[in-house]
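Please open the structure in your viewer and keep the selection tool at hand. The tour below goes from stop to stop, saying what to select and what is there.

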Amino acid sequence: MRPAIIAASICSLTLVTSCGWLSDHTPDLVSCATEIAEGVRPIADSRPDRFHGKVQANTAKCRGGSNAIAYREVPWTDWSNYWATRDNGSKSLFATKNLRGVNGSLIDLEYARVELIKFNLFDNSGTYQRYVNGDNGTDGAAVRTWPEMRLPPTNPAFAAVGGAAAEQHCKGELIRYRTLGGICNDTQNPLMGSSGTLFARNVQFETTFPDRGLDETTRNRHGGRLALLSPDPQVISRKLFTRAQSDSASCNDGYGKPGYAKDANCDYKKAPFFNVLAAFWIQFMTHDWFSHLEEGHNAPQYMAVGCATKRVNGADTPLSPDEVTKLGCRPGDQIDRAFVADSSAPKKFASGGREYLTRAPSVFKNSNTAWWDASQIYGYDDISAKRVKRDPADRARLAMVVPPNAKTAGDRQGYLPLLATSDPQLPDWAGQESAAFPDNWTIGMSFYHNVFSREHNQFVSAFRAYAFEHPDDDSGLRDPANPHAIVRYRNVNADQIYELARLVVAAEIAKIHTIEWTPQLLYDEPLFRGMNANWSGVVQHDTSIKVLLADVVNHLAKSNKATVANSWYSVLASGPGIVGLGSQKENWDVSNEADVNGGTNHFGSPFNFPEEFVSVYRLHALVPDLLEYRELPTANAISAKIPVIETFRGRATGFMHDRGLSNWALTMGRQRLGVLALQNHPRFMQNIKIDRLHSPTKQIDIAALDIIRDRERGVPRFNEFRRQYGLRTLTGFDDFIDQHVDKKSADYAEQQKLVATLREVYGQHKCDAKKVITHAQLTAAGDSITDCLGHADGSMVDNVEDLDTVVGWLAETTRPHGFAISETQFVVFILNASRRLYSDRFFTSSFRPEIYSTMGYNWVNNNGPMAQVERVPINGHASQPVSPLKRVLLRTMPELAPELDQVQNAFDPWARDRGEYYTLNWSPRKGAENDEAFRRPLAETRRP
Ligand code: HEM
């Protein structure tokens with residue numbers, strides 16, 4: 001049986017159950033029956049056959065009735081038009097239809113994930129040829145170890161893992177905890193994911209660096225129109241990214257008013273269901289996952305960054321001084337070029353009558369560990385580790401300084417110490433609180449580093465308290481050197497408790513991100529279910545089935561056939577969930593490598609983030625210019641407007657110490673973040689001052705830089721990017737207009753204006769229908785996609801193929817309900833977010849008391865020291881576990897208890913009424929009727 005059949009069996013079951021429901025007398029039943037009769041869609045064998053998230057008419061009708069049929073012709077995926085995938089208005093009176101809608105969505109998403117795993121893994125470190133050709137009878141996509149992932153002789157642990165022996169294996173102390181540089185997460189591929197390894201790709205190597213025109217289709221696609229500074233990135237930023245202001249003086253380019261006067265105002269498009277805590281959360285995450293920079297800087301060479309030309313009739317034409325002034329860009333800005341690890345010509349190889357590149361034409365290093373290991377707090381190399389301060393009185397704890405004026409229970413847990421002058425640092429970082437990852441620090445980074453450092457110490461205190469009371473109890477830990485001896489609490493030393501706290505904090509962070517941040521980012525029922533399935537499985541309440549399924553899945557992963565090891569595996573893994581896969585074995589033994597390491601799956605390609613992932617996490621538009629500052633206990637009142645830029649770098653310290661962590665929690669918890677849309681970037685980011693820059697202005701436009709960096713790293717442009725990920729091609733800028741919107745509305749008119757601006761900035765060209773522009777997709781009729789994108793040969797077509805990917809996904813107004821990101825960003829996420837869990841043994845086979853300690857293991861599962869997770873009703877679910885971040889906030893700032901009382905998800909604005917079922921309405925919950933944030937006109941809160 002093929003994986004498609006498994007997915008479809010679930011589908012048919014759902015349909016049959018529902019279709020057999022006698023009270024459901026709709027013509028949709030006929031569609032359901034026809035859908036079943038039509039049979040199952042197989043997993044694609046080749047790229048052009050991929051599932052594009054577009055289903056047959058009968059399937060659409062069966063899952064969403066006429067509404068789903070109405071939007072089948074647009075390029076955007078279908079599932080968000082099914083029943084019950086939006087708010088109450090999308091629900092049918094018949095529960096069975098709602099079930100079909102939600103389950104149908106999950107099936108579509110699983111098809112997408114299976115095909116993403118199959119078609120979108122491209123490793124840059126030398127393993128790709130084996131991935132294509134296989135290895136001694138094992139399909140390439142089922143290979144599990146790679147010589148390229150051995151530690152080199154220069155690594156201090158080289159000898160410990162076996163040196164030059166045929167196989168390297170991590171053992172002993174190297175496998176007990178997360179290592180500083182990230183080695184030995186996979187005990188048989190010690191180098192994988194460690195600091196300094198190469199970023200991967202999710203797109204065919206030949207499609208990268210489109211401006212270099214590596215093959216004929218790429219040259220056909222872009223017609224010589226692309227270069228690093230063309231179209232001009234600062235012009236793109238000013239025309240397409242700038243937040244319009246109703247009163248420029250009140251905003252003052254993001255600097256607000258003197259004395260932080262509360263009548264300052266910077267307009268921005270706000271997301272009603274996502275708060276500022278969520279914006280800084282994701283920056284905090286990216287600082288854990290990846291960095292192209294080293295110690296806050298790039299390569300020594302400098303380059304200009306635009307504000308020089310505009311497109312006129314297809315040609316770049318110099319801007320006049322008047323135009324420069326009017327745009328507000330700066331020709332004098334310069335930035336240091338991106339580091340390049342290797343730009344020598346990649347080798348080629350032939351397979352199946354085709355020629356392949358062995359890697360992308362230029363490759364780049366991730367200077368961070370790729371693991372979800374809280375390395376932004378604990379360090380990722382020897383230099384960053386020097387900034388991590390441990391408490392000299394108890395080395396298990398992180399150093400925290402209690403201020404003399406400590407007022408609250410939270411304050412008495414202390415604040416991070418400052419960077420010492422002897423610490424490695426850029427002069428720009430002077431006066432900052434000490435953290436392993438100190439770059440781009442603001443009050444937001446200060447907030448999360450303080451919260452999780454306090455949480456670290458909370459765990460240490462709990463562990464110490466228990467050890468004091470019960471010194472002879474079994475801690476649950478086991479030492480690989482003496483695996484059968486009980487490790488008693490009294491025998492766990494300070495360094496070991498420190499490492500346990502790191503494991504726990506990293507896992508808590510991963511859990512918060514997976515089941516709290518993401519379901520709020522993607523605020524609808526299918527994604528709520530999908531994310532919870534990722535973490536704890538769809539059969540989370542039935543332990544015996546969970547263990548059984550986990551065992552099956554684990555066996556599948558060992559197959560030498562890619563279909564079994566990857567496709568079947570992925571479909572079935574949602575049963576038990578990814579976390580804990582391979583850990584439920586009886587007699588699990590820390591000295592048995594198969595137990596410790598056996599639950600991971602890398603799908604034939606060593607894990608690291610792809611460049612495309614970095615690109616879709618360029619989320620600078622989330623950040624507001626001004627923070628609406630509040631203080632406990634008068635939570636409903638905004639007492640000041642504090643510019644984010646005033647809290648940049650060392651200036652965050654004073655704001656944090658003077659005003660207190662819990663007031664910042666309240667401030668950021670209640671305020672809405674910025675929608676990821678065009679013309680919604682913070683003003684301050686376009687004009688930021690960075691002292692380390694050797695340029696005339698010492699300023700940079702970060703929004704323009706986002707575009708430049710993607711071009712330097714060869715991210716394909718928007719349309720090819722979508723095709724590579726199995727999404728439909730756009731035929732022009734008009735496809736961006738959301739067809740759900742009333743054509744007479746202001747929203748529709750605004751979208752038309754934006755389309756006109758896209759056309760103005762990127763231009764049009766006369767098309768040539770002889771030029772084939774891609775091999776990744778065919779038209780719906782099965783023909784090649786050409787330069788004319790379905791328009792008449794020789795007609796003028798939009799340069800939609802040239803659109804920078806960041807611009808493209810910001811322009812996507814057609815989105816699934818409650819999606820703060822676009823569907824293009826989302827597919828990147830579907831693939832990489834689950835891989836980040838599948839590949840990490842600390843979340844799979846080593847998620848065990850023997851590694852985390854019993855207390856640590858329970859702490860992660862129960863969101864803290866309580867025996868049980870509290871449960872509350874959420875969005876129609878009678879009982880759901882309370883959000884893990886809420887528990888962390890309550891532990892680290894007990895004074896927040898009254899404010900958090902009604903909070904269900906810490907990333908939903910804290911004073912918003914969540915209503916019954918995924919409403920996006922901006923109305924106050926009980927007790928917050930007087931909150932000033934609800935006084936603004938409703939029209940301002942447009943749907944993202
Ligand atoms: C006030 C807040 C922020 C500031 C001052 C800031 C500043 C910067 C700067 C200067 C860079 C460019 C580095 C370079 O390539 O030379 C950058 C890159 C980046 N930023 Fe931000 N940022 C902020 C918030 C955020 C947020 C909320 C996100 C959300 C995820 C984010 C995600 C990224 C990403 C993904 C990169 C690329 C990093 C890399 O290439 O390794 N930033 N940021």
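**First stop: a loop residue**

Select Arg-212, which is partly exposed because its relative accessible area is 41%, a value between the 20% and 50% cut-offs. Bear in mind throughout that this is a predicted model. Arg-212 sits in the loop that runs between α5 (128-133) and α6 (216-222). Now show what surrounds this residue: setting aside the neighbours within four places in sequence, Arg-212 is in contact with Pro-361 and Ser-362. Then add Gly-714 to the selection, since Arg-212 and Gly-714 are 502 residues apart in sequence, yet their C-alpha atoms are 8.9 Å apart in space.

**Second stop: the iron atom**

Which residue is the only protein donor of the iron atom of the ligand? Select His-620, whose NE2 atom takes that role at 2.1 Å. His-620 belongs to the loop between α19 (611-616) and β8 (626-629).

**Third stop: two cis peptide bonds**

Move on to Leu-632 and Pro-633, where the peptide bond from the one to the other is cis, with omega near 5°. Pro-633 is found in the loop between β8 and β9 (640-643). For another cis bond, select Ser-230 and Pro-231, which are joined by a peptide bond with omega near -5°. Here Pro-231 lies in the loop that links α6 and α7.

**Fourth stop: α7 and α25**

Select helix α7 (residues 233-241) together with helix α25 (residues 746-762), and turn the view until you can follow both axes, which are 10 Å apart and make an angle of about 170°. The two helices α7 and α25 are therefore roughly antiparallel to each other, as the angle of about 170° is over the cut-off of 145 degrees. Show the side chains next: from α7, Ile-236, Lys-239 and Leu-240 meet Thr-757, Leu-758, Glu-760, Val-761 and Tyr-762 of α25. Sorted by class, this contact of α7 with α25 has 5 nonpolar, 1 polar and 2 charged residues.

**Fifth stop: α13 and α30**

How do the axes of helix α13 (residues 443-469) and helix α30 (residues 884-892) cross? They come within 9 Å and cross at roughly 80°, so α13 and α30 are roughly perpendicular to each other. On the α13 side the contact is made by Phe-447, Val-451, Phe-452, Arg-454, Glu-455 and Gln-458, while α30 brings in Leu-885, Val-888, Leu-889, Arg-891 and Thr-892. By class, the contact of α13 with α30 has 6 nonpolar, 2 polar and 3 charged residues.

Then select Asn-440, in the loop between α12 (382-385) and α13. Phi of Asn-440 is near 50°, which is a positive value in a residue other than glycine. Asn-440 counts as partly exposed because its relative accessibility is 33%.

**Last stop: α4 and the loop before it**

Select Ala-84 in the loop between α3 (57-70) and α4, where phi is near 65°, again a positive value in a residue other than glycine. Is Ala-84 buried or exposed? Ala-84 counts as buried, because its relative accessibility is 1%, which is under the 20% cut-off.

Finally, select helix α4 (residues 95-119) and check its length: at 1.5 Å a residue, its 25 residues should span 36 Å, and this agrees with the end C-alpha atoms, which are 36 Å apart. Helix α4 is mostly covered, with 21 of its 25 residues buried.

Conventions:
Residues numbered from 1 in each chain as written. Predicted model: local features only at pLDDT ≥ 70, side-chain atom pairs only at ≥ 80, totals over all residues. Heavy atoms only, no water. Donors = N, O, S within 2.8 Å, 3.2 Å for Na, K, Ca; no water. Helix = DSSP H or I, 4+ residues; strand = E, 2+ residues; numbered from the N terminus. Axes fitted to C-alpha atoms, helices over the stretch in contact; angles between N-to-C directions. Parallel < 35°, antiparallel > 145°, perpendicular 65-115°, else oblique. Contact = heavy atoms within 4.5 Å. Nonpolar A, V, L, I, M, F, W, Y, C, P; charged D, E, K, R; others polar. Expected span 1.5 Å × (residues − 1). Buried < 20%, exposed > 50% of the residue type's maximum accessible area, 1.4 Å probe, protein only.
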